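Biologist: Could you walk me through this one before I go back to the bench? I would like the overall picture and then a few residues.

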Amino acid sequence: CFSNFFTDTILQKITKESNLYASQHQKNWVDTTIQEWKYFFSMVISLSLMNINVALGQIWSKNWQTRIEGICERFPRDRFVDITRSITHHPKFKSPF
């Protein structure tokens, strides 16, 4: 179901454009990969479906009541923030739809 919305073509464009943007606007940027975007979007979608009442930053806290271990293992907080900042929509990007 996920790949119906996020095809490899779309993920390749997101990866390319976001890496280009981030490399120009963020210090010490490490390029993302298609696999990392799959994890990122899956995590964001999962969080939106979970009925949790915590601030996003609390997911990475040491407090066992708010920490979500599966997310913490996959994404360090700083990497999640960097990826969030790298998302861009370039004016020349043409939607495949």
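Modeller: Let me begin with a definition, since I will need it for the helix packing: axes are lines fitted to C-alpha atoms, for helices over the stretch in contact, and angles run from 0 to 180 degrees between N-to-C directions. Please also keep in mind that this is a predicted model.

Biologist: Fine, so which two helices do you want to use that on, and what angle do they make?

Modeller: I would use it on α2 and helix α3, the latter covering residues 34-49, which pack at an angle of about 100° with their axes 9 Å apart. Angles of 65 to 115 degrees count as roughly perpendicular, and therefore α2 is roughly perpendicular to α3.

Biologist: Which residues make the contact?

Modeller: From α2 the contact is made by D8, L11, Q12, I14, T15 and S18, and from α3 by I34, W37, K38 and F41. Sorted by class, the contact of α2 with α3 has five nonpolar residues, together with three polar and two charged ones.

Biologist: S18 is on that list. Is S18 buried or exposed?

Modeller: S18 has a relative accessibility of 1%, and because buried means under 20%, S18 counts as buried. Its place is in helix α2, which spans residues 8-25.

Biologist: And what does the side chain of S18 have for polar neighbours?

Modeller: A polar atom of the S18 side chain lies 2.8 Å from the backbone oxygen of I14, a residue that is itself part of the contact with α3. The backbone oxygen of S86 lies 3.3 Å from a polar atom of the S18 side chain as well.

Biologist: Changing topic, what is going on with phi at N28?

Modeller: N28 has a positive phi of about 55°, although N28 is not a glycine. It is found in the loop between α2 and α3, and at 77% relative accessibility N28 counts as exposed, because the cut-off for exposed is over 50%.

Biologist: Stepping back, how many helices and strands does the protein have?

Modeller: The protein has five helices and zero strands, so that from the N terminus on its elements run α-α-α-α-α. Of its 97 residues, 30% are buried, while the protein exposes about 7,100 Å², with carbon and sulfur atoms supplying 54% of that area.

Biologist: What share of the contacts comes from residues 24 or more positions apart?

Modeller: Among the contacts in the protein with a separation of 6 or more, residues 24 or more positions apart account for 61%.

Conventions:
Residues numbered from 1 in each chain as written. Predicted model: local features only at pLDDT ≥ 70, side-chain atom pairs only at ≥ 80, totals over all residues. Heavy atoms only, no water. Helix = DSSP H or I, 4+ residues; strand = E, 2+ residues; numbered from the N terminus. Buried < 20%, exposed > 50% of the residue type's maximum accessible area, 1.4 Å probe, protein only. Polar contact = N/O pair within 3.5 Å; in protein donor to acceptor, adjacent residues only side chain to side chain. Parallel < 35°, antiparallel > 145°, perpendicular 65-115°, else oblique. Contact = heavy atoms within 4.5 Å. Nonpolar A, V, L, I, M, F, W, Y, C, P; charged D, E, K, R; others polar. Areas by Shrake-Rupley, 256 points an atom, 1.4 Å probe, with all protein chains shown as cover.
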